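Me: Got a minute to go through a model with me? I'd like to start with the core.

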Amino acid sequence: MRVVIALGGNALLRRGEAMTADVQRRNARIAAEAIAPLAAEHQLIITHGNGPQVGLLALQGAAYKPDEAYPLDVLGAETEGMIGYMLEQELGNLLPFEQPLATLLTMVEVDGDDPGFQDPTKFVGPVYEKADADRLGTEKGWVFKQDGEKWRRVVASPLPKRIFEIRPVRWLLEQRTIVICAGGGGIPTMYEKGSDRKLIGVEAVIDKDLCSELLARELDADLLIMATDARAVCTDWGKPSQKSIHKTRPEDIRQFSFPAGSMGPKVDAACHFAEGAGKTSAIGALADIAAMVRGERGTIISSSFSGLTWHA
């Protein structure tokens with residue numbers, strides 16, 4: 001099968017962990033160990049989140065004068081290179097030497113009039129106590145929203161329209177290459193208004209899962225996997241009545257609501273792929289990737305199912 005695997009930001013930096021290269025390297029190794037066994041039987045395309053990493057770079061950039069700070073599209077490109085390098089190297093250490101791997105910087109077009117620019121929702125950077133978030137908001141003009149019991153910076157998250165490097169990705173797959181691309185939802189770009197196709201960067205972060213879904217459709221993938229820190233999609237999360245969904249049709253899972261800052265975009269992307277491509281999506285834990293390919297673990301979404309079933 002041709003499988004797109006979208007690694008959540010926690011695949012490289014879990015909540016509360018120090019933002020050091022050693023920590024991210026260790027987590028990249030864990031991700032590679034989960035993915036590598038699939039390479040012998042399947043074509044693999046790997047995407048990844050970058051919220052913590054791009055937030056860290058933005059904090060570092062805050063040391064500059066406001067007009068000298070690097071914009072989010074440039075920071076996104078930097079994280080694509082850094083995270084792709086770590087994943088590529090760790091996978092290469094586990095796979096046969098002749099297995100080709102490639103990390104591809106990926107520009108993604110967005111609409112400058114997207115409503116996402118008016119309501120920032122994408123979490124980036126570390127978590128803060130409320131007082132620290134208020135102070136940073138005042139000092140830097142950043143917007144913060146509550147993330148669990150803490151507060152995090154949020155930035156605009158417009159919908160992805162087009163992946164510019166889709167043809168090079170196809171060419172690499174034809175040569176049996178494992179491709180790491182569209183990291184962090186891709187580098188946000190758009191055509192400058194009033195210009196003749198002049199492409200410019202955008203101050204935003206595209207949702208990784210929505211971009212991964214677009215990538216999977218354009219590559220005619222058989223399966224889209226979204227690896228996160230939850231074993232499955234759950235209803236009544238954190239309550240005594242919590243239940244884990246195993247197999248479901250898109251129309252059945254849509255009867256439930258999920259948080260916009262975490263599971264919501266994953267469910268939306270999974271349903272869109274299942275309906276638009278007529279293929280299968282899966283949402284679950286990184287360690288269960290192989291079992292999700294077999295349909296045994298995680299939440300599996302397909303229009304071919306007869307109804308909704310739950311994990312025991």
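Me: Which residues touch the most other members in the largest nonpolar core?
Reply: L215, V233, I253, V267 and I283 do, out of the 39 residues in that core. A nonpolar core here is a set of buried Ala, Val, Leu, Ile, Met, Phe, Trp, Tyr and Cys residues joined through side-chain atoms within 4.5 Å. Buried is under 20% relative accessible area, exposed is over 50%, and partly exposed is in between (1.4 Å probe, protein chains only).

Me: And which elements each supply at least two residues of this core?
Reply: β1 (2-7), α5 (166-174), β9 (178-181), α6 (208-218), β12 (223-228) and α8 (263-276). The largest share, 7 residues, comes from α8. Helices (H or I, at least four residues) and strands (E, at least two) are DSSP runs, numbered from the N terminus.

Me: Before I go on, what kind of model is it?
Reply: This is a predicted model, where local features need pLDDT of at least 70 and side-chain atom pairs count only at pLDDT 80 or more, while totals for chains, interfaces and linings use all residues. Residues are numbered from 1 along each chain as its sequence is written, and side-chain values use heavy atoms, with hydrogens and water left out.

Me: OK, back to I253. What does it touch?
Reply: Not counting residues up to four places away in sequence, I253 touches V233, I245, T248, F258, V267, C271, T299 and I301. Contact means heavy atoms within 4.5 Å. Apart from this core lies another, of 30 residues, including L12, A28, I35 and M86.

Me: L12 and M86, hm. Where is Q24, and what is it in contact with?
Reply: Q24 is in helix α1 (residues 21-35). Beyond its neighbours within four places in sequence, Q24 is in contact with L12, L13, M19, Q53, M82 and M86.

Me: Buried or exposed?
Reply: Q24 counts as buried because its relative accessible area is 5%.

Me: M86 sits in α3, right? Which residues of α3 are buried?
Reply: L72, D73, L75, G76, T79, E80, I83, G84, M86, L87, E90 and L91. Seen down the axis of α3, those buried residues fall within an arc of 165°, so they line one face of the helix. The arc is taken over the directions from the helix axis to the C-beta atoms.

Me: New topic: what order do the strands take in the open sheet with β5?
Reply: β5-β7-β6, 3 strands with antiparallel pairing. Two strands pair if DSSP finds at least two bridges between them. β5 (122-128) and β6 (143-147) are at the edges with a single partner strand each, so one side of each has no neighbour in the sheet.

Me: How many bridges are there for each pair?
Reply: There are 4 between β5 and β7 (residues 150-155), and β6 and β7 pair over 5. K122 stands opposite V155, and F144 has R153 as its bridge partner. In the β6 and β7 hairpin, with 2 residues between the strands, G148 takes a positive phi near 70°.

Me: Which helix packs on the sheet?
Reply: Helix α4 (residues 130-140) does, touching β5, β6 and β7, and its direction makes about 120° with that of β5. Axes are lines fitted to C-alpha atoms, for helices over the stretch in contact, and angles run from 0 to 180 degrees between N-to-C directions.

Me: Last one: where does G295 lie?
Reply: G295 is in the loop between α9 (289-293) and β16 (299-301). Leaving aside neighbours within four places in sequence, G295 is in contact with H246, K247 and I300.
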